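Me: I'd like to go through some of the labels people put on a structure like this one. Can you take me from each value to its name?

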Amino acid sequence: MTKLAIMGAMEEEIEPLLEYFENVKVTEFADNKYYEVNLNGLDIVIAYSKIGKVFASLTATTMIEKFGCDTLLFSGVAGGINPKLKIGDLIIADKLCQHDLDITAFGHPNGFVPGGKVFVETSKELRDVAFEVAEENNISVLEGTIATGDQFVHSVERKEFIESTFNADALEMEGASVAVICDALNVPFLILRAISDTADMDAGFDFDEFLKSSAKNSADYMIKIVKKL
Ligand SMILES: Nc1ncnc2c(CN3C[C@H](CSc4cnccn4)[C@@H](O)C3)c[nH]c12
């Protein structure tokens, strides 16, 4: 690895990361800001994409193609589906899918388009590092499937569709698009999230209350992972 990308979707998701660094160089590009830092000789680019799959795809591609990052880590929050996941808990994706990608009218499964695949797997090597860090630091983290879609999920009906269709453990709005970009560009990637809500009728209230603390949970674990790379 020569250059590391660390991405979030919201400013609140990268603020707790930037706090670890001094001497930050800011580059503006394509309506966004990219923060370049160095950790023990490792060049790192940090950015938040803005919400949703399109913005996340633009930022992931920019970090790889313009800034030359050859490994990408995502830190942020997610809605919990698996009942084992309580607010504040951590999940690392083994694979991701797009729950709102739907051409079932033509006989294709949910989440599939020709030339694509329903599930994109994350880097086993990066997951192994992450779980080693978790064990060393007595951090509890679930490995599971994360479903991505361009909607804030706040209904049991939509949550249950995603769970039953994809057997997903958590959901959010950016991970699977980052996965498609990194997979296509052969860049190893890791998607780490902390639960901010449970994607049901209370999701909006819980999200507002727990965004900051859950984003910090994810960021603090992410920094430990980065130091191990
Ligand atoms: N239930 C859920 N459904 C879908 N995604 C999520 C997430 C993960 N992030 C948070 C944020 C919600 S939208 C947003 C918009 N404006 C303000 C705050 N958040 C978006 O970047 C996806 C956490 N809980 C989720």
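Reply: Sure. This is a predicted model, and a handy place to begin is helix H1 (residues 11-18) with H6: their crossing is right-handed.

Me: Why are H1 and H6 called oblique to each other?

Reply: Their axes cross at roughly 45° and come within 8 Å. Roughly parallel needs an angle under 35 degrees, and roughly perpendicular runs from 65 to 115. The angle fits neither range, so H1 and H6 are oblique.

Me: Which residues meet there, and what classes are they?

Reply: Glu12, Glu13, Pro16 and Leu17 of H1 touch Leu211, Ala215, Lys216, Ala219, Met222 and Ile223 of H6. That contact has seven nonpolar, three charged and no polar residues.

Me: What makes H3 and H6 roughly perpendicular?

Reply: Helix H3 (residues 124-136) packs against helix H6 (residues 203-228) at about 115°, with the axes 9 Å apart. The range for roughly perpendicular is 65 to 115 degrees, so H3 and H6 get that name. Their crossing is right-handed.

Me: What makes the pair between Asp197 and the ligand a polar contact?

Reply: A polar side-chain atom of Asp197 is 2.6 Å from a nitrogen atom of the ligand. The cut-off is 3.5 Å between N or O atoms, so the Asp197 pair counts.

Me: And how do you know that Gly79 makes one too?

Reply: A backbone N or O atom of Gly79 sits 3.4 Å from a ligand nitrogen atom. That is within 3.5 Å, so this pair is a polar contact as well.

Notes
Residues are numbered from 1 along each chain as its sequence is written. This is a predicted model: local features need pLDDT of at least 70, side-chain atom pairs count only at pLDDT 80 or more; totals for chains, interfaces and linings use all residues. Side-chain values use heavy atoms; hydrogens and water are left out. Axes are lines fitted to C-alpha atoms, for helices over the stretch in contact, and angles run from 0 to 180 degrees between N-to-C directions. Helices (H or I, at least four residues) and strands (E, at least two) are DSSP runs, numbered from the N terminus. Angles under 35 degrees count as roughly parallel, over 145 as roughly antiparallel, 65 to 115 as roughly perpendicular and the rest as oblique. A crossing is left-handed if the near helix is turned anticlockwise from the far one by less than a right angle, and right-handed if clockwise. A polar contact is a pair of N or O atoms within 3.5 Å; within protein, one must be able to donate a hydrogen and the other to accept it, and residues adjacent in sequence count only if both atoms are side-chain atoms. Contact means heavy atoms within 4.5 Å. Ala, Val, Leu, Ile, Met, Phe, Trp, Tyr, Cys and Pro count as nonpolar, Asp, Glu, Lys and Arg as charged, and the others, Gly among them, as polar.
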